[in-house]
Amino acid sequence: MDDARDLDPQQLRSFLAVAETLHFTSAARRLGIVQSTVSQHVSRLEQAVNRTLLVRSTKQVTLTQDGHMMIALARDILSAQDRALTWFDRSVIRGYIRLGISEDLTMTRLPEILGIFREKYPKVDVHLRVGLSGSLQNDLDNGSVDLLCTKRRIGDARGTTIWREPLTWFGNWEPGTALPLVVFPEPAITRLIALECLNAAEIPWYVAFTSENLTALLAAVRAGYGVTAQSSFLRQYDRSLPVAEGLPETPEVDFIVIGKTETLEGPVKALADTIAAHSRQITPRVARRKA
């Protein structure tokens, strides 16, 4: 095809504007150009393809069969051009992020924040990995994930804190008896904190139920298997969870965003910044624990 038969994007846009409005004046107004220019674009497009695309009269504009076909083709051509320009535009952030999150955060508004990120950065794909905080830290260190949104103990230096709160004891327990524990396996942070608090208070305990799945732990608590120490906001997520009485206060934990290195770049930094910017929206307002 020689230059005379190249399809000019401006001509395609003018044709589509007329085809969608069936009115040259309306098409010109939509494009912000004069009507004579729109007519000229359509005429040159018809010359390039050697087909009549529109039938014009003093009262109306109608599409020919070839015109109907050109609508789909024009949209495909312009879409491909836009994708090509976007791909090579260095100002557009694109990439692939492996995001690790602790399971309790799936029960917050964090998924909605990921939706906000998706709208702002449609060229970045996010692969979600849900797991235990300790295991996810190992995944970060060995390069299996690029960014974490999880928990850490107060005093740990890595990561950026997005909010802080104590854990809550959920379940039923009769004081004076050995405490049946419902816990994650090691190296879960909530497990370590629970054991440390009980040992410091000299409360006897035993592991009654263990699972890597938070939903299973909460089901076990509701079924009466024992007591678990978990994020306070889970009470907002499930009002049926009983709050255990007579147990020691737990230290606060940090909910953090952390990358493989202190200096985040590109799409990973964009995602970390988005989570941090909306940190107040991640979790519902936490109800006060009973004194």
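The exercises below concern domain contacts and salt bridges in a predicted model.

Residues are numbered from 1 along each chain as its sequence is written, and side-chain values use heavy atoms, with hydrogens and water left out. Because the model is predicted, local features need pLDDT of at least 70 and side-chain atom pairs count only at pLDDT 80 or more, while totals for chains, interfaces and linings use all residues.

**Exercise 1. Describe the interface between domain 2 and domain 3.**

Step 1. Set the bounds. Domain 1 covers 9-88, domain 2 covers 96-162 + 257-281, and domain 3 covers 164-253; such bounds come from an automatic or database domain assignment. The C-alpha centres of domain 2 and domain 3 are 25 Å apart.

Step 2. Count the residues in contact (heavy atoms within 4.5 Å). Domain 2 contributes 13 residues and domain 3 contributes 20.

Step 3. Give the area. Buried area is the accessible area (1.4 Å probe) that two parts lose on being put together, summed over both. Between domain 2 and domain 3 it is about 1600 Å², with 68% from carbon and sulfur atoms. On the domain 2 side, Met107, Leu132 and Arg153 lose the most area to domain 3, together 41% of what that side buries.

Step 4. List the polar links. One salt bridge is counted between domain 2 and domain 3, a salt bridge being a side-chain nitrogen of Lys or Arg within 4 Å of a carboxyl oxygen of Asp or Glu. Arg153 and Glu196 form a salt bridge through their side chains (2.3 Å, N to O).

Step 5. Characterise the domain 2 side. The elements giving two or more residues to the side that touches domain 3 are α6 (133-141) and β5 (147-153); helices (H or I, at least four residues) and strands (E, at least two) are DSSP runs, numbered from the N terminus. The residues of this side are four nonpolar, four polar and five charged. Here Ala, Val, Leu, Ile, Met, Phe, Trp, Tyr, Cys and Pro count as nonpolar, Asp, Glu, Lys and Arg as charged, and the others, Gly among them, as polar.

**Exercise 2. Is Asp139 buried or exposed, and with which residues is Asp139 in contact, leaving aside neighbours within four places in sequence?**

Step 1. Apply the cut-offs: buried means under 20% relative accessible area, exposed over 50%, partly exposed in between (1.4 Å probe, protein chains only). Asp139 has 17% relative accessibility, so it counts as buried.

Step 2. Find the contacts. Outside that sequence window, Asp139 touches Arg129, Ser144 and Val145.

Step 3. Examine the Arg129 pair. Asp139 and Arg129 form a salt bridge, with the closest N and O atoms 3.5 Å apart. The pair links helix α6, which holds Asp139, to strand β4 (residues 124-131), which holds Arg129, across 10 residues. Arg129 is partly exposed at 32%.

**Exercise 3. Which parts of the chain do the salt bridges Asp146-Arg98 and Glu20-Arg30 link?**

Step 1. Start with the total: the structure holds 12 salt bridges.

Step 2. Take Asp146 and Arg98, whose closest N and O atoms are 2.8 Å apart. Asp146 is in the loop between α6 and β5 and Arg98 in strand β3 (residues 95-102), 48 residues apart. Asp146 is buried at 10%, whereas Arg98 is partly exposed at 25%.

Step 3. Take Glu20 and Arg30, which meet at 2.5 Å, N to O. Glu20 lies in helix α1 (residues 9-21) and Arg30 in helix α2 (residues 24-31), so the salt bridge ties together parts 10 residues apart in sequence. Glu20 is partly exposed at 41%, and Arg30 is partly exposed at 48%.
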